[in-house]
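Reader: Please take a close look at the charged side-chain pairs of this model, and then follow the chain outward into the parts around them. I would like the cut-offs stated as you go.

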Amino acid sequence: MADTRKAWYRLDNAAKIYPAVRTQKWSGNFRVSVSLKEKVDMKILEKALADTAERLVSLRLNLHRGFFWYYLEDSGESVKATEDVRNPCARFGGKRNREKPCRIRVYENRIALEIFHVLADGTGAMNILKTLTARYITLKYGEKIPAENGIIDINSEPDKEEMEDAFKRYARFKAVKSRQELKGYHFKGTKLKPHDINIITGLMSASHIHSISKSYKVTVTEFITALMIYSFMQCQSESKCYVEKPVKISVPINLRKIYPSKTLRNFALYINPGIEPRYGEFTLEEIIEDVHHFMRMNNKEKYLNAIMCKNLSDEMNPVTRVVPLFIKNIVMRIAFNMYGENLVSSTFSNLGMVKVPDEMGKYIDHFDFVFGRFKRDMPSVAAASFGDKLCISWSSGIVEKDVERRFFTELVKMGVHVKLESNFYPINN
């Protein structure tokens with residue numbers, strides 16, 4: 001295998017904002033995890049991690065601060081596996097130029113990959129986790145697992161596409177989409193301590209949720225997004241705000257489904273379906289219909305390419321390129337405060353059905369996907385399915401669980417059996 005160590009990589013277009021806007025208490029993190037049917041053998045996992053890191057440079061990268069931009073460099077040393085913690089997705093940080101933007105956590109039968117968004121998006125992270133898990137299962141059980149469904153053959157030569165900034169390959173610059181939108185409603189509550197996070201995961205039948213979504217003639221993502229909007233609107237209505245604000249959910253679109261790309265880095269864009277409550281009261285059925293039509297109208301290649309071009313045009317501006325990093329950081333913080341979490345009430349990311357080869361699937365119970373704490377501490381949702389198990393995980397930086405309770409209560413009213421798990425606070429059903 002060719003020696004790729006000591007290579008360095010520019011941050012992709014979506015990644016550049018995250019090191020600029022993080023604080024001493026917060027950075028943009030998330031985790032993907034796999035729960036096996038047997039307890040994880042740490043010694044075998046360490047061997048699997050070392051083998052996987054020989055092939056996947058993502059597990060060896062350090063984040064560096066340059067004069068004009070942050071960048072990633074191959075350190076030649078793999079991330080290490082450690083015991084899991086009560087409050088996952090803590091801020092990434094460390095000594096300058098020695099900062100690993102990912103970590104591996106283990107608890108009993110669960111292997112979790114935590115990612116700083118400078119490194120990858122949900123799909124990229126899940127493919128890294130699946131590759132590591134495949135190697136672990138091969139070492140522990142002797143299974144020969146084919147390199148398919150996102151699993152990478154660790155004995156193959158590295159593919160340059162895996163580390164490319166795919167945004168730059170596909171942007172056409174024929175149209176540029178404005179970022180101007182109305183500010184969204186934010187549910188407010190009692191803030192947790194800086195490094196605590198409130199996670200509530202609902203485990204349910206994936207086929208049941210698919211059946212309900214099908215009855216409304218929408219996708220699972222559209223149905224869950226609409227139910228989130230409904231839950232936030234109910235909370236806003238009860239708070240008796242003087243002026244009710246739009247309730248919008250930011251939904252990432254995996255661009256790999258539109259453009260052929262093998263990248264393990266960020267390659268997603270966001271669209272923000274929502275409801276304007278000042279028009280009047282909306283039933284859940286009306287919200288589902290509106291979200292469905294918004295998603296179908298905006299989740300199109302031409303529209304998404306215009307958003308991509310706007311993001312890239314800011315980065316590629318000749319003036320921007322020569323401005324020192326400390327000035328760029330100030331500008332990006334201002335832009336993030338104006339156009340980031342400020343515009344939406346929450347985020348919902350659905351990895352959909354996680355597929356693996358049968359030789360691997362028989363050792364797996366389920367996959368999970370969890371957001372880290374957001375800068376505004378707002379409740380946000382991530383989901384993943386495996387077999388007939390759908391995991392919907394809410395995470396937030398506040399004590400109150402009003403929105404989460406409304407969301408899961410509505411599912412129960414529809415006849416869905418939901419098993420709730422929490423990392424921190426007791427759940428009152």
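Author: A salt bridge is taken here as a side-chain nitrogen of Lys or Arg within 4 Å of a carboxyl oxygen of Asp or Glu. The model is a predicted one, in which local features need pLDDT of at least 70 and side-chain atom pairs count only at pLDDT 80 or more, while totals for chains, interfaces and linings use all residues. Residues are numbered from 1 along each chain as its sequence is written, and side-chain values use heavy atoms, with hydrogens and water left out.

By that criterion the structure holds 28 salt bridges, and one of them joins Lys-47 to Asp-51, whose closest N and O atoms are 3.1 Å apart. Both residues belong to helix α2 (residues 42-55), where they sit 4 residues apart, about one turn of the helix; helices (H or I, at least four residues) and strands (E, at least two) are DSSP runs, numbered from the N terminus. An α-helix has 3.6 residues a turn, so residues three or four places apart point the same way. The two partners differ in cover, for Lys-47 is partly exposed at a relative accessible area of 45%, whereas Asp-51 is buried at 14% (buried means under 20% relative accessible area, exposed over 50%, and partly exposed in between, with a 1.4 Å probe and protein chains only).

Another pair within one helix is formed by Glu-410 and Lys-413, whose side chains meet in a salt bridge at 3.6 Å, N to O. Both lie in helix α12 (residues 402-413), 3 residues apart and again about one turn of the helix. Here Glu-410 is buried, with a relative accessible area of 15%, and Lys-413 counts as exposed at 62%.

Beyond such pairs, salt bridges that share partners join Arg-31, Asp-84, Arg-103, Arg-105, Arg-110 and Glu-114 into one network. Within that network, Asp-84 and Arg-110 meet at 2.8 Å, N to O. Asp-84 lies in the loop between β5 (81-83) and β6 (102-107) and Arg-110 in strand β7 (residues 110-116), so this pair ties together parts that are 26 residues apart in sequence. Asp-84 counts as buried at 16% relative accessibility, while Arg-110 is partly exposed at 26%.

Two residues of the surrounding loops deserve a note on their backbone. Cys-89, in the loop between β5 and β6, has a positive phi of about 60° although it is not a glycine, and its relative accessible area of 7% makes Cys-89 buried. Glu-108 lies in the loop between β6 and β7 and, also not being a glycine, has a positive phi near 50°; at 45% relative accessibility, Glu-108 counts as partly exposed.

Further along the chain, α6 (220-238) is followed by a loop that leads to β9 (247-254) and holds Glu-244. Helix α6 has 19 residues and reaches 27 Å from its first C-alpha to its last, close to the 27 Å expected at 1.5 Å a residue, where the expected span is 1.5 Å times one less than the number of residues. Of those 19 residues 16 are buried, and α6 is thus mostly covered. Just after α6, Lys-240 takes a positive phi of about 55°. Glu-244 counts as partly exposed at 25% relative accessibility, and its C-alpha atom is separated by 9.4 Å from that of Gly-184, 60 residues away along the chain. Not counting residues up to four places away in sequence, Glu-244 touches Gln-236, Ser-237, Glu-276, Pro-277 and Arg-278, contact meaning heavy atoms within 4.5 Å.

In the loop between β9 and β10 lies Thr-263, which is buried at a relative accessible area of 1%. Leaving aside neighbours within four places in sequence, Thr-263 is in contact with Glu-161, Glu-162, Glu-164, Ala-166 and Arg-256.

Helix α7 (residues 284-298) has buried residues at Leu-284, Ile-287, Ile-288, Val-291, His-292, Met-295 and Asn-298. Seen down the axis of α7, these buried residues fall within an arc of 155°, so they line one face of the helix; the arc is that of the directions from the helix axis to the C-beta atoms. The buried residues of α7 pack against α6, β9, β10 (268-271), β11 (274-275) and α8 (301-316).
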